Amino acid sequence: MPRAKSDKDRKIFVLDTSVILYAHNSIMNFAEHDVVIPITVLEELDQFKKGNDTKNFEAREFIRLLDRLSQDQMIHNWTPLNGKTKGNFRVLMNPDNRMNANEIFGEEKNDHKILNAALYLKEHEKNRKVILVSKDINLRLKAKSLSILAEDYETGKIKNINELENTGKYYMDDVNPEHINTLYDTGFIEAKAILGTRKRKANAYYILKSNKNSVLSYYNPDQNILERVDKRLAYNIKPKNAEQTFALHAIMDPNIKLVTIQGVAGTGKTLLALAGALEQRRSYKQIFLARPIVPLSNKDIGYLPGDIKSKLNPYMEPLWDNLKFIQNQYKETDKEYQRITDLVNQEKLVIQPLAYIRGRSLSNIFFIVDEAQNLTPHEIKTIISRAGENTKIVFTGDVFQIDTPYLDSQSNGMSYLIDRIKDHPLYAHIKLEKGERSELANLANELL
């Protein structure tokens, strides 16, 4: 972005705490425009600086960043952000306004103090555009009710979420039936024979149809061929549709190290990932299962009684349910039934809190992260960056079912990952569309 011609062209962005906790370096992403941090935001960050969660890390990193930027300068004055194309920042103390949000809304709270900071700037910087930036929708609405411009923090947001819908799987009609016969007879065919000059996505899956036959196939980027994909069992779990067949193929392919599986509740995402991991248990030292902890009624995990295992259990029940479903495919006297119990008892299959991942190196691990849409982009990056040799990571979730405040379908970590890493030879993505849990579950997804 070219530098604004005058101070009048340079906007003032007022950042809310939610933006800092989402991305500690957000202060650096407003081009040549100026950034204001209300003192209330620093007070709130002080409460977040202790702990192992990502929000605690972001709070600490932002405080360190502000310290580096300010050096020996007073931060209540305009201080340059590093770089010729950057603006300035300042921390705004609690101002006295003619218009007071606490009085208007009838309650004194931190959100209203942040609104007061924006109101002060609007009153005293009449020649400049003042914009409140927050990931809190309600705060943005309150700002607009006071005639303050307000917007979401857009950096890292997916512009067109609908484009992700078509990532990973493609339909092709009018395929030469002889080419499909070749796929059945030999198991593979040169990609050019069917795809022609079409752009080829690494590890993409194709449903190929002719007027006589059809076949499921996979594009192998290393050999530039289409391979036939057959339904296969994984620990006695059999795919029930084409998409599940593709998902299990990606989970079981040792050359694909990173997999995302998107789908609504009941499509079999977690079940397939877990069954595929169990089927490959000899190839990995451990199987890790994790899902983000979304606090119950906005109360942190520490609110729950007991040790860490007891605290985690309420959140991890869906993972145990899937494991029990797989185990119940066998009789109690079968060795496969007992093997699952042994894997848990010997800690070969472990429920792993995500908060304790940072700083670790995970080698020879099959790592399943459920409900990944409730992770931030930074949390996704942290998890993947922990991967050591012979580690595979499978993220499952529904990018339209967000349970975490300040995330949405465009800004959550799973959407960010799918958008940024698509077409990489180590990565595959599949969207599961058909619910297979039960007719009753499908009824809820479709009509309620």
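**View A. R64 is partly exposed, at 43% relative accessibility, and reaches E61 through a salt bridge.** Buried means under 20% relative accessible area, exposed means over 50%, and partly exposed lies in between (1.4 Å probe, protein chains only). You are looking at a predicted model, in which local features need pLDDT of at least 70 and side-chain atom pairs count only at pLDDT 80 or more, while totals for chains, interfaces and linings use all residues. Residues are numbered from 1 along each chain as its sequence is written, and side-chain values use heavy atoms, with hydrogens and water left out. A salt bridge puts a side-chain nitrogen of Lys or Arg within 4 Å of a carboxyl oxygen of Asp or Glu; for R64 and E61, the closest N and O atoms are 2.6 Å apart. Why are R64 and E61 separated by about one helical turn? The reason is that they stand three residues apart in helix 3 (residues 54–70). Helices (H or I, at least four residues) and strands (E, at least two) are DSSP runs, numbered from the N terminus.

**View B. E433 and K169 meet in a salt bridge, with 3.0 Å between the closest N and O atoms.** This pair links distant parts of the chain, 264 residues apart. E433 belongs to the loop between strand 17 (427–432) and helix 15, and K169 to strand 7 (residues 169–172). The two partners are covered to unlike degrees: E433 is partly exposed because its relative accessibility is 45%, whereas K169, at 10%, is buried.

**View C. D230 and R228 join their side chains in a salt bridge of 2.9 Å, N to O.** D230 is partly exposed at 42% relative accessible area, and R228 also counts as partly exposed, at 25%. Elsewhere, salt bridges that share partners tie K135, R140, D152, K157 and D408 into one network. Altogether, the structure holds 14 salt bridges.

**View D. F13, Y22, F30 and Y153 come together in one aromatic cluster.** Rings of Phe, Tyr and Trp (its six-membered ring) pair if their centres lie within 6.5 Å; planes under 30 degrees apart count as stacked, over 60 as edge-to-face and the rest as tilted. How many aromatic pairs does the structure hold? There are nine. Y22 has a charged companion too: the charged end of K135 sits over the Y22 ring, 4.5 Å from its centre. For such a contact, NZ of Lys or CZ of Arg must be within 6 Å of the ring centre and within 35 degrees of the ring normal. K142 offers another example, with its charged end over the ring of F105, 5.0 Å from the centre.

**View E. Helices 9 and 10 are both mostly covered.** In helix 9 (residues 242–252), 11 of the 11 residues are buried, including F246 and H249. Just at the N-terminal end, N241 caps helix 9, with a side-chain oxygen 3.2 Å from the backbone nitrogen of E243. In helix 10 (residues 269–279), 10 of the 11 residues are buried, among them K269, L271 and G276. For the whole protein of 448 residues, 50% count as buried.

**View F. L440, L443 and L447 make a nonpolar surface patch of about 340 Å².** Patches are made of residues with over 30% relative accessible area and no salt bridge; like charges are joined within 9 Å, and nonpolar side chains (Val, Leu, Ile, Met, Phe, Trp, Tyr) within 5 Å. L447 is part of helix 15 (residues 439–447). Is L447 buried or exposed? L447 counts as exposed because its relative accessibility is 63%.

**View G. S147 and Y406 each have a positive phi although neither is a glycine.** Most residues other than glycine have a negative phi. S147, with phi near 65°, lies in the loop between helix 6 (137–145) and strand 6 (149–151). At 52% relative accessibility, S147 is exposed. Y406 has a phi of about 80° and lies in the loop between strand 16 (392–397) and helix 14 (413–421). Its relative accessible area is 39%, so Y406 counts as partly exposed.

**View H. Stepping back, the protein has 15 helices and 17 strands.** Along its principal axes, the C-alpha trace spans about 80 × 55 × 45 Å.

Technical notes. Areas by Shrake-Rupley, 256 points an atom, 1.4 Å probe, with all protein chains shown as cover. Polar contact = N/O pair within 3.5 Å; in protein donor to acceptor, adjacent residues only side chain to side chain.
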